Amino acid sequence: MQGVNAVFKLVEYNVTEFSYSINNEFSSQEETLQIPFKFSNKITGLDENNFSIDIKAKIEDAKNFPFKLNCAIRAIFNVEKWEENKEQNEMTALTILFPYMRTLVTTLTSAAEVQPIMLPVMNIVELVKSQRKAKKETK
């Protein structure tokens, strides 16, 4: 049996940033907190067939959440002539990487002796599209 030649390949990924700090000013008694989660991404071409994508998750609402968190991942993907379908390739990369981000946040917050944070399951493509639409409307 021959191996499958993948059209879209995750070459590597690395955690490029992770910071966590307790919010000593937090004093809510609510049992269920909304996670003040912010997400951003940036795509960069490396050559005709490779690009990198940086994704970042932040929790930084100092008054309404027990801690602050910054987490960033950089990945390199290989796809032939990636710029011809740049937006589709970007969205595919985000769909692949977001579960890595969720796992990283949960694993690291569970080690911090607080209730582990599970970023919600979401349609990351729709989140990015709505953020971009909102950004355009504010210009």
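Here are some friendly notes on this predicted model, taken point by point.

1. Start with the strands. Strand 1, covering residues 8–22, runs antiparallel to strand 4, and 13 bridges join the two. To find this pairing on screen, look for Ile-22, which stands opposite Phe-67 in strand 4.

2. Strand 4 has another partner to look at. Strand 3 pairs with strand 4 in the antiparallel sense, over ten bridges. Here a good landmark is Phe-51, which stands opposite Phe-77 in strand 4.

3. Next, which residues touch the most other members of the largest nonpolar core? That core has 30 residues, and the ones with this role are Phe-39, Ile-53, Ile-55, Leu-94, Met-101 and Leu-119. Two or more core residues come from each of strand 2 (37–47), strand 3 (50–59), strand 4 (67–79), helix 1 (86–110) and helix 2 (124–138). Helix 1 gives the largest share, eight residues. As background, nonpolar side chains tend to be buried together in soluble globular proteins.

4. Ile-53 deserves a closer look. Leaving aside residues up to four places away in sequence, Ile-53 touches a list of residues that includes Asn-41, Ile-43, Ile-73, Phe-77, Glu-90, Ala-93, Leu-94 and Leu-97. Two of these residues, Glu-90 and Ala-93, get points of their own below.

5. Is Glu-90 buried or exposed? Glu-90 counts as buried because its relative accessibility is 5%, and the cut-off for buried is under 20%. You will find Glu-90 in helix 1. Beyond residues up to four places away in sequence, Glu-90 touches Asn-41, Ile-43, Ile-53 and Arg-132.

6. Ala-93 also sits in helix 1. Its relative accessible area is 0%, so Ala-93 is buried. Not counting residues up to four places away in sequence, Ala-93 touches Phe-8, Phe-51, Ile-53 and Phe-77. Notice that Phe-51 and Phe-77 are the residues that stand opposite each other in point 2. Try one distance as well: from Ala-93 to Asp-54 is 9.9 Å, C-alpha to C-alpha, while the two are 39 residues apart in sequence.

7. Finally, turn to helix 2, where Lys-129 is found. Lys-129 has 38% relative accessibility, so this residue counts as partly exposed, a class that lies between the 20% and 50% cut-offs. How far apart are the C-alpha atoms of Lys-129 and Met-91? They are separated by 9.6 Å, with the two residues 38 apart along the chain.

How values were computed:
Residues are numbered from 1 along each chain as its sequence is written. This is a predicted model: local features need pLDDT of at least 70, side-chain atom pairs count only at pLDDT 80 or more; totals for chains, interfaces and linings use all residues. Side-chain values use heavy atoms; hydrogens and water are left out. A nonpolar core is a set of buried Ala, Val, Leu, Ile, Met, Phe, Trp, Tyr and Cys residues joined through side-chain atoms within 4.5 Å. Buried means under 20% relative accessible area, exposed over 50%, partly exposed in between (1.4 Å probe, protein chains only). Helices (H or I, at least four residues) and strands (E, at least two) are DSSP runs, numbered from the N terminus. Contact means heavy atoms within 4.5 Å. Two strands pair if DSSP finds at least two bridges between them.
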